[in-house]
Amino acid sequence: MPTSNLPAALIDRFDRKIDYLRLSVMDRCDLRCHYCLPKGFRDFAEPAEWLNFDEITRVAKIFGELGVRRLRLTGGEPLLRKNLSRLVRSIRDLQLFDDISLSTNATQLTQQAHELYEAGVSRLNISLDSLDPSMVQAITGRDSLQSVMAGLDAAVATGFSPIKINMVVMAENMHEVPAMTEFCIKRGFVLRLIEAMPMGVTGAAAEFINLSVLRERLVSQFNLIAQPTHVGGGPAQYWQTADGKGSLGFITPKSQHFCNTCNRVRLSTEGTLYLCLGQNDKVELGSLMREGASDNELRAAIVSGISMKPEHHEFNEKPQQVLRFMSKTGG
């Protein structure tokens with residue numbers, strides 16, 4: 001496919017512009033959040049199956065040339081991938097992306113915050129489901145709160161902004177949401193409350209909490225004001241404090257899905273392009289690369305895949321449909 005014939009932007013058949021790539025560099029994690037991975041799970045991709053940094057940069061370049069402007073490095077836990085800052089520099093040096101961000105559980109962040117910031121990561125999303133050490137251990141399988149808090153302090157000291165805290169709301173931690181909201185407002189973090197998604201057997205088993213009801217209570221308790229729905233590049237609907245210093249986002253894939261504005265695709269550790277979090281449609285870009293595909297052939301595969309992107313997930317209608325775990329897909 002000649003470069004002159006490439007689309008100016010990736011537009012799917014439902015007229016959605018795809019400008020956001022979530023790129024998993026590691027499906028393994030040092031925590032075992034029970035809604036993500038079952039206890040004792042070991043069926044991870046082998047290192048030989050991972051895309052290497054040159055392959056990741058190559059794919060990122062092609063997506064950038066096709067109009068993708070936001071790129072998020074995810075996992076599993078991406079900070080477990082050795083020399084991650086070197087990959088970030090390679091992607092930054094492409095000069096194709098307006099925004100390079102990273103999702104992490106922050107347990108390894110004290111050692112890596114500065115080098116990642118210097119390499120080109122500007123924003124962080126940090127997973128934190130509780131401020132109670134015993135609850136954190138129950139959810140993650142590890143006494144990890146102290147290391148996460150140290151990672152948060154390192155992120156602030158380094159200069160990352162904004163720092164978003166992702167909290168999956170379940171029956172067991174729902175009572176902590178007001179305290180987490182207050183904590184994030186005081187620290188200047190953006191809190192995002194997320195409904196549990198039925199990804200794999202563990203996700204399907206997680207008790208669903210409708211955030212629409214919880215939102216009404218929080219808006220009243222903290223005197224929150226609705227922000228424009230276009231804030232940020234993701235699916236969250238945001239509210240803020242009257243002084244503008246605190247923000248609270250709600251991600252509601254089940255109670256109020258946002259599929260009509262979906263702007264993203266996900267690339268797994270092995271190079272599988274997943275077109276929808278809640279469907280099984282995919283393109284095997286990793287296999288194509290290792291079979292010797294040219295850049296033009298990869299572009300054609302991406303464009304063709306985007307044309308097949310489903311209109312919406314079916315989390316409510318078919319909660320057992322997606323058997324792969326979130327760590328396999330890439331957060």
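This is a short talk on the fold of one predicted protein chain, from its central sheet out to a few unusual backbone spots.

Hi everyone, thanks for coming. A word on ground rules. Residues are numbered from 1 along each chain as its sequence is written, and side-chain values use heavy atoms, with hydrogens and water left out. Since the model is predicted, local features need pLDDT of at least 70 and side-chain atom pairs count only at pLDDT 80 or more, while totals for chains, interfaces and linings use all residues.

Let's start with the whole chain. It holds eleven helices and 14 strands; these are DSSP runs, H or I of at least four residues for helices and E of at least two for strands, numbered from the N terminus. Of the 331 residues, 55% are buried. Here buried means under 20% relative accessible area, exposed means over 50%, and partly exposed is in between, with a 1.4 Å probe and protein chains only. Contacts, for us, are heavy atoms within 4.5 Å. Among the contacts in the chain with a separation of 6 or more, 74% are between residues 24 or more positions apart.

Now the sheet. In general, strands of a sheet pair through backbone hydrogen bonds, either parallel or antiparallel. We call two strands paired if DSSP finds at least two bridges between them. What is the strand order in the open sheet of twelve strands? Reading across, we get β9-β10-β11-β8-β7-β6-β5-β4-β3-β12-β13-β14, and the pairing is mixed. The edge strands, each pairing on one side only, are β9 (225-226) and β14 (282-284). At the β9 edge, two bridges link β9 to β10 (residues 237-240) in the antiparallel sense, with alanine 226 partnered by tryptophan 239.

Let me walk you through the parallel stretch, beginning at β5. Strand β5 (residues 99-104) runs parallel to β6, joined by four bridges, and serine 101 sits opposite arginine 123 of β6. To get from β5 to β6, the chain passes through helix α3 (residues 109-119), in a right-handed β-α-β crossover. Right-handed here means that, with the strands pointing away from the viewer, the path from the first strand over the helix to the second runs clockwise.

Strand β6 (residues 123-127) has four of its five residues buried, so the rest of the structure largely encloses it. On its other pairing, β6 is parallel to β7 (residues 163-169) through four bridges, where leucine 124 faces isoleucine 163. Helix α5 (residues 145-158) lies across β6 and β7, at about 150° to β7.

From β7 we move on to β8, parallel again, with six bridges; valine 169 is opposite glutamate 195. Helix α6 (residues 177-187) completes a right-handed β-α-β unit with β7 and β8. And how many of the six residues of strand β8 are buried? Six of the six, in residues 190-195, so this strand is largely enclosed by the rest of the structure. Val190, Arg192 and Ile194 are buried on one side, and Leu191, Leu193 and Glu195 are buried on the other. Five bridges then connect β8 in parallel to β11 (residues 247-251), with arginine 192 across from glycine 249.

Next, one helix pair. The axes of α2 (residues 84-92) and α3 come within 8 Å and cross at roughly 15°. Axes are lines fitted to C-alpha atoms, for helices over the stretch in contact, and angles run from 0 to 180 degrees between N-to-C directions. That angle makes the two helices roughly parallel, a label for angles under 35 degrees, with over 145 roughly antiparallel, 65 to 115 roughly perpendicular and the rest oblique. The crossing is right-handed, in that the near helix is turned clockwise from the far one by less than a right angle, anticlockwise being left-handed. Contact residues include Leu84, Val88 and Arg92 of α2 and Leu116 and Ala119 of α3.

Finally, the backbone oddities. Most residues other than glycine have a negative phi, and most peptide bonds are trans. Here, glycine 75 and glycine 76 share a cis peptide bond with omega about 20°, and glycine 76 is in the loop between β4 (70-74) and α2. Serine 161 to proline 162 is also cis, with omega near -5°; proline 162 falls in the loop between α5 and β7. Glutamine 95 has a positive phi of about 55° and is exposed, at 71% relative accessibility. Asparagine 223 has phi near 50° and is exposed too, at 58%.

Thanks, and I'm happy to take questions!
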